[in-house]
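Open the model in your viewer and keep the sequence beside it. The exercises below can be worked through with a coffee in hand, one at a time.

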Amino acid sequence: MEDALSNRLAAILANAAMCPQHVASIANVPQQTVTQWMDGTKSPDNSTNKLLEELELLVDRLSRIYKPNEARAWLFTSQSLLGCTNHQRIFESSKSMARD
């Protein structure tokens with residue numbers, strides 16, 4: 001399980017030119033938590049794991065269109081066509097649905 005999570009995080013970081021702090025910001029956790037996920041000493045809860053799966057899918061799709069630094073910029077820029085003011089709103093609904 002940790003290997004799959006580490007691979008997922010590595011793909012996100014590479015394909016969107018992100019650092020653990022970026023992932024922490026999106027997942028709304030401390031950077032240290034992301035580092036612990038990466039080294040296998042901690043696992044995300046179910047709703048955060050679902051968010052990471054969705055982030056990986058989104059980053060994969062963005063990487064087909066954009067260079068990594070452009071994909072990161074897309075994630076952290078207001079997306080008026082999606083009705084989102086920032087990257088966190090994109091994932092807000094999935095977190096609230098996981099709680100229901």
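Each exercise sets a task and then walks through a solution.

**Exercise 1: Confidence and overall make-up**

Task: Find out what kind of secondary structure the protein has, and where the predictor is least and most confident among its elements.

Solution:
- Step 1. This is a predicted model, with a mean pLDDT of 85 for the protein. Of its residues, 78% reach 70 or more.
- Step 2. Counting elements gives 6 helices and 0 strands, so the order from the N terminus reads α-α-α-α-α-α.
- Step 3. Ranking the elements by mean pLDDT puts helix α6 (residues 87-99) lowest, at 55, and α3 highest, at 96.
- Step 4. For residues 96-100 the pLDDT is below 50, and this stretch has 1 contact in the model beyond near neighbours in sequence.

**Exercise 2: Surface and long-range contacts**

Task: Describe how much of the protein is buried, how much area it exposes, and what share of its contacts join residues at least 24 apart.

Solution:
- Step 1. The protein has 100 residues, and 32% of them count as buried.
- Step 2. The exposed area is about 5,900 Å². Carbon and sulfur atoms supply 49% of that area.
- Step 3. Take the contacts between residues at least 6 apart in sequence: 60% of these join residues at least 24 apart.

**Exercise 3: The buried faces of two helices**

Task: Decide how the buried residues of α2 and of α3 are arranged around each helix axis.

Solution:
- Step 1. Helix α2 spans residues 20-27, and V23, A24, I26 and A27 are buried in it.
- Step 2. Looking down the axis of α2, these buried residues fall within an arc of 165 degrees, so they line one face of the helix.
- Step 3. In α3 the buried residues are T33, V34 and W37.
- Step 4. Their arc, seen down the axis of α3, is 100 degrees, so these residues also line one face of their helix.
- Step 5. A general rule helps here: an α-helix has 3.6 residues a turn, so residues three or four places apart point the same way.

**Exercise 4: The nonpolar core**

Task: Work out which helices build the largest nonpolar core and which residues V23 touches.

Solution:
- Step 1. The largest nonpolar core holds 21 residues. Those with the most contacts inside it are M18, V23, W37, L52 and L75.
- Step 2. Two or more residues of this core come from each of α1, α2, α3, α4 (46-63) and α5.
- Step 3. The largest share is that of α4, with 6 residues.
- Step 4. Now pick V23 and set aside its neighbours within four places in sequence: V23 is in contact with L9, I12, L13, M18, V34 and L52.

**Exercise 5: Two arginines**

Task: For R8 and R72, say whether each is buried or partly exposed, and identify a polar partner of each side chain.

Solution:
- Step 1. R8 sits in helix α1 (residues 2-15). Its relative accessibility is 13%, which is under the 20% cut-off, so R8 counts as buried.
- Step 2. The R8 side chain makes a polar contact with the side chain of E56, at 3.2 Å. Beyond four places in sequence, R8 is in contact with N49, L52, E53 and E56.
- Step 3. R72 belongs to helix α5 (residues 68-75). Because its relative accessibility of 27% lies between the 20% and 50% cut-offs, R72 counts as partly exposed.
- Step 4. A polar atom of the R72 side chain lies 2.6 Å from the backbone oxygen of A17. Not counting residues up to four places away in sequence, R72 touches A16, A17, M18 and H22.

**Exercise 6: Positive phi angles**

Task: Locate A17, N28 and G40, and give the phi value of each.

Solution:
- Step 1. A17 is in the loop between α1 and α2. Its phi is positive, about 45 degrees, although A17 is not a glycine. With a relative accessible area of 27%, A17 is partly exposed.
- Step 2. N28 follows α2 and lies in the loop between α2 and α3 (31-39). Its phi is near 60 degrees, again positive in a residue other than glycine. At 63% relative accessibility, N28 counts as exposed.
- Step 3. G40 follows α3, with a positive phi near 80 degrees.

How values were computed. Residues numbered from 1 in each chain as written. Heavy atoms only, no water. Helix = DSSP H or I, 4+ residues; strand = E, 2+ residues; numbered from the N terminus. Buried < 20%, exposed > 50% of the residue type's maximum accessible area, 1.4 Å probe, protein only. Contact = heavy atoms within 4.5 Å. Areas by Shrake-Rupley, 256 points an atom, 1.4 Å probe, with all protein chains shown as cover. Arc of directions from axis to C-beta. Polar contact = N/O pair within 3.5 Å; in protein donor to acceptor, adjacent residues only side chain to side chain. pLDDT = per-residue confidence, 0-100. Core = buried A, V, L, I, M, F, W, Y, C linked by side-chain atoms within 4.5 Å.
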